[in-house]
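Good morning, and thank you for coming. I should like to walk you through one structure today, taking its enclosed spaces, its ligand surroundings and one side chain in turn.

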Amino acid sequence: MADKKEIVLSGIRSTGNLHLGNYYGALGKFVRMQDDYDCNFFIADLHALTTNPDPRELHANVKNILAEYLAAGIDPEKSTIFIQSDVPEVAEMYLLLNMHVGIGELMRTASFKDKARKALGIGVPAQGDDDEAFEKEIIGAATNKRVNAGLLTYPTLMAVDILIQKATKVPVGKDQEQHLELTRRFARRFNSFYGVEVFPEPYNFDFGGKPVKVPGLDGSGKMGKSEGNCIYLVDDPKVLRKKVMRATTDEGPKEPNSPMSEPVANLFTLLELTSTPDVVSHFREAYADCSIRYGDLKKQLAEDILAVTTPIRERVNDILADDAYLRRVVAQGAERARERAAATLAEVRSVMGIRKF
Ligand code: ADP
Ligand code: TRP
């Protein structure tokens with residue numbers, strides 16, 4: 001029975017095309033979970049508003065992500081696919097849940113600090129992060145420039161997305177774990193304040209057990225839109241090969257079994273995600289005995305990435321051209337998502353004492 005399956009929910013913000021980080025952190029898992037769970041996947045357009053996008057761009061991005069979800073193999077007959085703003089119950093519950101969320105805990109969230117610093121044009125302090133200093137800095141700076149309240153309450157909205165569907169599995173990348181931790185805390189707090197088990201606690205999900213962080217090709221931390229180091233699923237093969245061939249490396253190992261520099265370790269991380277185990281061990285051995293040629297590794301990596309992205313890229317344009325189909329998918333998705341959302345919202349209103357006369 002469909003309603004006996006565990007409830008899965010995840011979403012991606014509509015801020016641009018999807019990249020390999022999104023694929024291995026989220027989308028690829030969505031596709032693989034469809035047969036075994038009650039899956040619900042959405043496009044987080046309200047979350048995208050926290051960074052004030054151009055309205056035309058926002059609309060185009062929602063459509064792009066929807067088409068990329070479908071091209072990657074999310075099947076609207078198996079999964080509920082919807083747009084966040086099509087479920088107005090989310091907005092109402094966001095208001096209600098905010099009454100149980102502290103501004104202090106929101107200000108200490110890593111994603112808020114990052115985004116607030118970006119909005120204010122201030123860098124990360126050299127001597128590391130200090131919550132108290134940050135709060136003073138942000139309050140001081142925010143009186144002149146604007147850090148919007150939506151950015152601060154981003155985790156409340158994300159918690160509502162999850163809790164309103166009573167989801168227990170949330171497939172996301174490693175960078176979202178703090179938001180999930182907050183969601184569990186809000187759920188526990190709400191349940192214990194009212195003495196009713198309204199919300200189950202949600203956890204991340206990854207087939208390999210550990211959530212992944214896909215690195216960039218520029219030698220630094222993660223692949224991300226704002227880092228400007230993405231390999232997009234819809235990248236043309238020529239562009240994609242060029243990006244991989246330009247990846248940062250080092251001078252190569254000088255002695256057998258040398259430790260790996262970060263840029264090279266990152267290439268191996270990508271190879272592990274996209275290639276077969278024998279290819280990975282071939283290059284690991286070549287690194288260990290100093291016979292490795294990074295150019296060969298990159299060529300192989302580019303072809304293995306293309307094997308993942310090509311079928312998606314080839315389908316996406318046809319899907320984008322079929323407006324009637326896209327409209328049907330999200331209308332059906334919204335209807336299903338609203339059904340469970342409305343039931344949870346009614347429960348929440350009643351538990352909080354908002355009752356009809
Ligand atoms: P971006 O960081 O590029 O703006 P999003 O924040 O919209 O991407 O992320 C959408 C989903 O993709 C989330 O589940 C997030 O954890 C995952 N994700 C994004 N970048 C990476 C990455 N480099 N490695 C693993 N997962 C990622
Ligand atoms: N915060 C997520 C991101 O940046 C997107 C998101 C919003 C989400 N609501 C969610 C992910 C609910 C999982 C579940 O990627």
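The second largest cavity holds about 30 Å³ of space. Please keep in mind that we are looking at a predicted model. Which residues line this cavity? The lining of the second largest cavity consists of S111, F112, K115, L151 and Y154. Helix α6, residues 110–120, gives the largest share of that lining, with three residues. Sorted by class, the lining of the second largest cavity has three nonpolar residues, one polar and one charged.

How many cavities of 30 Å³ or more does a search of the whole structure find? The search finds two. The largest cavity contains about 40 Å³ of space. Its lining is made up of L9, F42, F82, Q84, V90, D161, I164 and Q165. By class, five of the residues lining the largest cavity are nonpolar, two are polar and one is charged.

Two residues from these linings now lead us to the ligand. Y154 lines the second largest cavity, and D161 lines the largest cavity; both are also among the closest residues to ligand 2. Altogether, 13 residues surround ligand 2, and H47, M158 and Q176 are likewise among the closest.

Which polar side-chain atoms lie by the nitrogen atoms of ligand 2? For Y154, a polar side-chain atom lies 2.7 Å from a nitrogen atom of the ligand. For D161, the distance from a polar side-chain atom to a nitrogen atom of ligand 2 is 2.7 Å. For Q176, the corresponding distance to a nitrogen atom of ligand 2 is 2.9 Å. Ligand 2 taken alone exposes 370 Å², and the protein buries 92% of that area.

Let us turn to the shell as a whole. Strand β1, residues 7–13, and helix α9, residues 154–163, each supply at least two of its residues. By class, the shell around ligand 2 comprises seven nonpolar residues, four polar and two charged.

Finally, I should like to consider E105, which is found in helix α5, residues 103–107. Is E105 buried or exposed? E105 counts as buried because its relative accessibility is 11%, and the cut-off for buried is under 20%. What does the side chain of E105 meet there? One of its polar atoms lies 2.8 Å from the backbone nitrogen of G102. In addition, the side chains of E105 and R189 are joined by a polar contact of 2.6 Å.

Thank you for your attention.

Terms used. Residues numbered from 1 in each chain as written. Chains lettered and ligands numbered in written order. Predicted model: local features only at pLDDT ≥ 70, side-chain atom pairs only at ≥ 80, totals over all residues. Heavy atoms only, no water. Near = heavy atom within 4 Å. Polar contact = N/O pair within 3.5 Å; in protein donor to acceptor, adjacent residues only side chain to side chain. Areas by Shrake-Rupley, 256 points an atom, 1.4 Å probe, with all protein chains shown as cover. Helix = DSSP H or I, 4+ residues; strand = E, 2+ residues; numbered from the N terminus. Nonpolar A, V, L, I, M, F, W, Y, C, P; charged D, E, K, R; others polar. 1 Å grid on protein atoms, 1.4 Å probe; cavity = no way out; pocket = protein on both sides within 12 Å on 5 of 7 lines; lining within 4 Å. Points joined across faces, edges and corners; volume = space filled by probe spheres on them. Buried < 20%, exposed > 50% of the residue type's maximum accessible area, 1.4 Å probe, protein only.
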